[in-house]
Amino acid sequence: MASDILIVDDEADIRELVAGLLEDEGHETRTAGNSDAALQAITDRVPRLVFLDIWLQGSRLDGLDLLDAIKAQHPEVPVVMISGHGNIETAVSAIRRGAYDYIEKPFKADRLVLIAERALETSKLKREVLELKRRSTDFAELIGKSQPMNQLRSVIERVSPTNSRVMILGASGSGKEMVARAIHAASPRASGPFVALNAAAITPDRMELELFGNETPPGTERKIGALEEAHRGVLYLDEVADMPRETQNRILRVLTEQTFERVGGSKRVKVDVRIISSTSQNLDSLIAEGLFREDLYHRLAVVPIQVPPLADRRQDVPMLIEAFMNQISEQTGIKTKRISDEAMAVLQASEWPGNVRQLRNNVERLMILSRDTDADHPITADMLPNEVGDMLPRTPSQANGQILALPLRDAREVFEKEYLVAQINRFGGNISRTAEFVGMERSALHRKLKSLGI
Ligand SMILES: Nc1ncnc2c1ncn2[C@@H]1O[C@H](COP(=O)(O)OP(=O)(O)OP(=O)(O)O)[C@@H](O)[C@H]1O
């Protein structure tokens, strides 16, 4: 796992030795010979790990004071103390003050590398735990075998290894963030961070702070912005169209210059971040209205990816329901249930304007509401939440009572047409499966469709 490591020691040969050993392991290193240079390096970009000498000769702050200063601003960054022979006690007290570990001079190369790997791994795990807690979902895998899903998967496979900026377009709840995570997981940045920022959930006045972080007086904790946090990883800008115009201008600068300024700061911070953005809005009209910068769109959407709404891949509904049931059962201990064919037909035919998220919420509701019913009793259509029934497409003839104005023969034809169109949609255009379900021979169904003009 390549990481940005800062080595602080007053002796140049120790600095070079440590840096050389870590670089041989594929890490990126920076060095500082005194406390001010170290603080400056941290200000330039927050490292993932610091090696810090306890005795910093000729420095404004000694090692322990510098440790305090680093911990005050960046409690999450692990610091490994480098101690001389005679100051093990000081090293132990450093651990009480928040150092991750210490290494004694003269040290063996293996031990140094091992401590670095362990410290990086621990802080990565901490980040991941935080991230998992924050995420409402545990799914790493995109579920669905429909043609639109297979197509989406192949686009993800092709775009992941590149460093191209991707813009994910699709309705709310359709799985845009999951796609972004899948790209990250399959990319060379997989071991780096995935930082998500939802522009729709942040007030415009906090936007810049969240994105760029700030600079505060020494000794006070400062906010690390999402861009800095995502160094060597991916920054996911969710609902990018909700970004204030002013922030759009600044993002555009970041994209052209690969550097940015923190709020209240004057220095340029350099980062290596792949940006994946998403929107559920129609960007063309926002661009036409002057609400979204067209040049920013072109920079962000080097590869646009469209995520299909659930209504365009109804065949995936049973598979999604099964996966959600298993997942919810694992999390809550509620047993999974069988769903009757009739209830499944309703679930598959519904419109799902809130897409996969809405489906998942309904599965959860269903499981909770039916938890006390007999385990062998399947979920039937009358047990479905009203919300599901309300989403069934209203056929035009039902909607305007037209059918009542027709003789039986014509009414039957209207009904057959609407019924078959709905079934074909439900099975994603697959005639064999539709025929099987409606109880007709495939060839008979073909003839029927032809005679009805479908
Ligand atoms: N193909 C899929 N397989 C499994 N779960 C999915 C799939 N698509 C979406 N989900 C689930 O649906 C929910 C919504 O997905 P996600 O947050 O990725 O959607 P989104 O399009 O980013 O939503 P929003 O527009 O609200 O940000 C999550 O719980 C996610 O796990």
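Which residues is Leu197 in contact with, leaving aside its neighbours within four places in sequence? I shall begin there, and I should say at the outset that the model is predicted. The residues in contact with Leu197 are Glu210, Leu211, Ala226, Leu235, Tyr236, Leu237 and Asp238. Leu197 itself is found in strand E7. It counts as buried because it has 22 C-beta neighbours inside 10 Å, and the threshold for that label is 20 or more. One of its contacts may be given a distance: Leu197 and Glu210 stand 13 residues apart in sequence, and their C-alpha atoms are 8.0 Å apart in space.

Two of those contacts, Leu235 and Tyr236, lead us to the nonpolar cores. The largest nonpolar core has 40 residues. Those with the most contacts inside this core are Ile168, Leu227, Leu235, Tyr236 and Ile276. Strand E8, residues 234-238, gives the most to this core, with four residues. A second, separate core holds 33 residues, including Val50, Leu67, Tyr102 and Ile224.

Let us stay with Ile168 for a moment. Not counting residues up to four places away in sequence, Ile168 touches Lys176, Val179, Ala180, Ile276, Ser278, Ile305 and Val307. Among these, Ile276 is also one of the residues with the most contacts inside the largest core, while Lys176, Val179 and Ala180 are buried residues of helix H7.

That brings me to H7 as a whole. The helix is mostly covered, with seven of its 10 residues buried. The buried positions are Lys176, Glu177, Val179, Ala180, Arg181, Ile183 and His184. What do they pack against? The buried residues of H7 pack against helix H6 and against five strands: E6 (166-169), E7 (194-198), E8, E11 (274-279) and E12 (303-306). Strand E7, where Leu197 is found, is thus met again here as a partner of H7.

I turn next to helix packing. Two packed helices are described by the angle between their axes and the distance between the axes. Helix H6, residues 147-159, packs with H7, residues 176-185, at an angle of about 40°, and their axes are 9 Å apart. H6 is therefore oblique to H7. The crossing of this pair is right-handed. On the H6 side the contact is made by Leu152, Ile156 and Val159, and on the H7 side by Val179, Ala182 and Ile183. By class, the contact has six nonpolar residues, no polar and no charged ones.

A further pair is formed by helix H13, residues 317-332, and helix H15, residues 355-369. Their angle is about 55° and their axes are 10 Å apart, which means that H13 is oblique to H15. This crossing, too, is right-handed. From H13, the residues Val317, Leu320, Ile321, Phe324, Met325 and Ile328 meet Val356, Leu359, Arg360, Val363, Glu364 and Met367 of H15. The residues of this contact divide into 10 nonpolar, no polar and two charged.

I close with a residue from another helix. Is Lys448, which lies in helix H20 (residues 442-452), buried or partly exposed? Lys448 is partly exposed, because 17 other C-beta atoms lie within 10 Å. Its C-alpha atom is separated by 9.3 Å from that of Lys417, a residue 31 places away along the chain.

Notes: Residues are numbered from 1 along each chain as its sequence is written. This is a predicted model: local features need pLDDT of at least 70, side-chain atom pairs count only at pLDDT 80 or more; totals for chains, interfaces and linings use all residues. Axes are lines fitted to C-alpha atoms, for helices over the stretch in contact, and angles run from 0 to 180 degrees between N-to-C directions. Helices (H or I, at least four residues) and strands (E, at least two) are DSSP runs, numbered from the N terminus. Angles under 35 degrees count as roughly parallel, over 145 as roughly antiparallel, 65 to 115 as roughly perpendicular and the rest as oblique. A crossing is left-handed if the near helix is turned anticlockwise from the far one by less than a right angle, and right-handed if clockwise. Two residues are in contact if their C-beta atoms, placed from the backbone, lie within 7 Å. Ala, Val, Leu, Ile, Met, Phe, Trp, Tyr, Cys and Pro count as nonpolar, Asp, Glu, Lys and Arg as charged, and the others, Gly among them, as polar. A nonpolar core is a set of buried Ala, Val, Leu, Ile, Met, Phe, Trp, Tyr and Cys residues joined through C-beta atoms within 7 Å. A residue is buried if 20 or more other C-beta atoms lie within 10 Å of its own, exposed if 12 or fewer, and partly exposed in between; C-beta atoms are placed from the backbone.
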